[in-house]
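Me: I'm new to this one, so could you show me the structure and walk me through it?

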Amino acid sequence: MAATSVVVLDRGNNTTCTVNLFGASVVSWRVNNQEQLFVSKQAIFDGKRPIRGGVPFVFPQFGDWAFGPMHGFARIARWHVEKMPERLPSGDVEAVFSLMDDDFTRSMWHFQFRLTYRLILREKELHFNIGVYNPSKELTFSCQLLLHTYFKVPDVRRCQITGLHGCMFIDKSRDGVMYQDTREVVTINECTSRIYQNTMQEHIITNVVSGRKMRIQKYNFPDTVIWNPWADLAKEIPDLGDDEFPNMVCVEAGRIAAPIVLLPGTAFEASQILQVM
Ligand SMILES: O=P(O)(O)OC[C@H]1O[C@H](O)[C@H](O)[C@@H](O)[C@@H]1O
């Protein structure tokens with residue numbers, strides 16, 4: 001399989017979702033021809049480095065990892081197509097991807113696992129359904145899971161994000177200490193890297209493409225990471241243009257603070273729905 005193999009879900013009316021099998025990274029979501037996701041112009045598609053933008057799949061570790069690459073191996077592993085895009089009776093289009101342990105994953109993480117990733121493209125929505133299964137007969141594992149969604153925005157300084165009011169967060173861009181956000185809506189005006197805990201089930205981001213709003217609904221994803229590198233850090237990221245940071249905001253639904261613990265033979269499910277309002 002070539003490094004850049006893609007699968008396209010096409011709902012008609014120029015509404016499509018493109019998935020790169022490298023990492024099962026969603027690299028495009030167009031609604032009526034309007035791209036909703038940010039992918040850097042400098043993104044590298046070499047089948048080795050994670051793709052800068054879209055929706056990288058973070059598993060089994062969020063952030064730095066002693067045993068493997070930053071944000072785990074799922075975003076740099078070759079996924080399988082479990083089910084090619086298929087039109088449902090509703091007219092929506094569904095595709096299913098999977099990742100199992102192999103020599104590559106076991107070289108970093110000595111556990112058997114199976115991930116299933118079901119995407120459903122609706123008229124103005126994209127559904128992400130994730131299953132994590134532990135097929136082992138003896139071993140329990142714990143893991144983190146996150147969808148590192150990069151939303152495309154005309155100017156991040158004009159975005160407001162709801163659903164974080166009163167939440168505790170770890171500020172990775174400062175000292176990793178815990179703070180509480182008392183703002184009704186969150187705005188971003190500097191380098192931001194925060195892990196908010198026990199966030200609301202729904203976030204709304206204002207001023208995404210065409211001045212519209214984006215609704216994020218999440219299930220079994222108690223945490224939300226907000227990330228924008230801003231000007232100085234952007235210069236240090238080789239696969240991100242120096243002037244691109246205003247056009248992206250990462251709002252990432254995940255399970256970070258309390259990792260998923262899977263006993264032998266058990267499974268975990270989580271999902272996210274993105275909706276253009
Ligand atoms: O550059 P990456 O490995 O893709 O990570 C990009 C960013 O992801 C998350 O949002 C983290 O909170 C940040 O600390 C990290 O810099």
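Here are a few short questions with their answers.

Reply: Before we start, this is a predicted model, where local features need pLDDT of at least 70 and side-chain atom pairs count only at pLDDT 80 or more, while totals for chains, interfaces and linings use all residues. Residues are numbered from 1 along each chain as its sequence is written, and side-chain values use heavy atoms, with hydrogens and water left out.

Me: How many charged residues are in the shell around the ligand?
Reply: The residues around the ligand (a heavy atom within 4 Å of it) include Arg52, Phe62, His148, Ser193 and Glu252. Asp, Glu, Lys and Arg count as charged, Ala, Val, Leu, Ile, Met, Phe, Trp, Tyr, Cys and Pro as nonpolar, and the others, Gly among them, as polar. Sorted that way, the shell has four nonpolar and three polar residues, and the charged ones number four.

Me: How far is a polar side-chain atom of His148 from an oxygen atom of the ligand?
Reply: Arg52 has a polar side-chain atom 3.0 Å from a ligand oxygen, and for a side-chain N or O of Ser193 the distance is 3.2 Å. A polar contact is a pair of N or O atoms within 3.5 Å. For His148, the distance to a ligand oxygen is 2.7 Å.

Me: Which residues does UniProt list for "active site"?
Reply: One of them sits in the loop between β10 (141-147) and β11 (150-152). They're spread over 105 residues of sequence, yet they cluster in space, with a largest C-alpha distance of 4.8 Å. The unreviewed UniProt entry, whose annotations may be inferred rather than shown by experiment, lists His148 and Glu252.

Me: Which residue does a cis peptide bond join to Phe59?
Reply: Most peptide bonds are trans. Here, omega is about 0°. The partner lies in the loop between β5 (57-58) and β6 (80-87), and it is Pro60.

Me: What is the phi of Ala24 near?
Reply: Ala24 is in the loop between β2 (15-20) and β3 (25-31). Most residues other than glycine have a negative phi. Ala24 has a positive one, near 50°.

Note on methods: A polar contact is a pair of N or O atoms within 3.5 Å; within protein, one must be able to donate a hydrogen and the other to accept it, and residues adjacent in sequence count only if both atoms are side-chain atoms. Helices (H or I, at least four residues) and strands (E, at least two) are DSSP runs, numbered from the N terminus.
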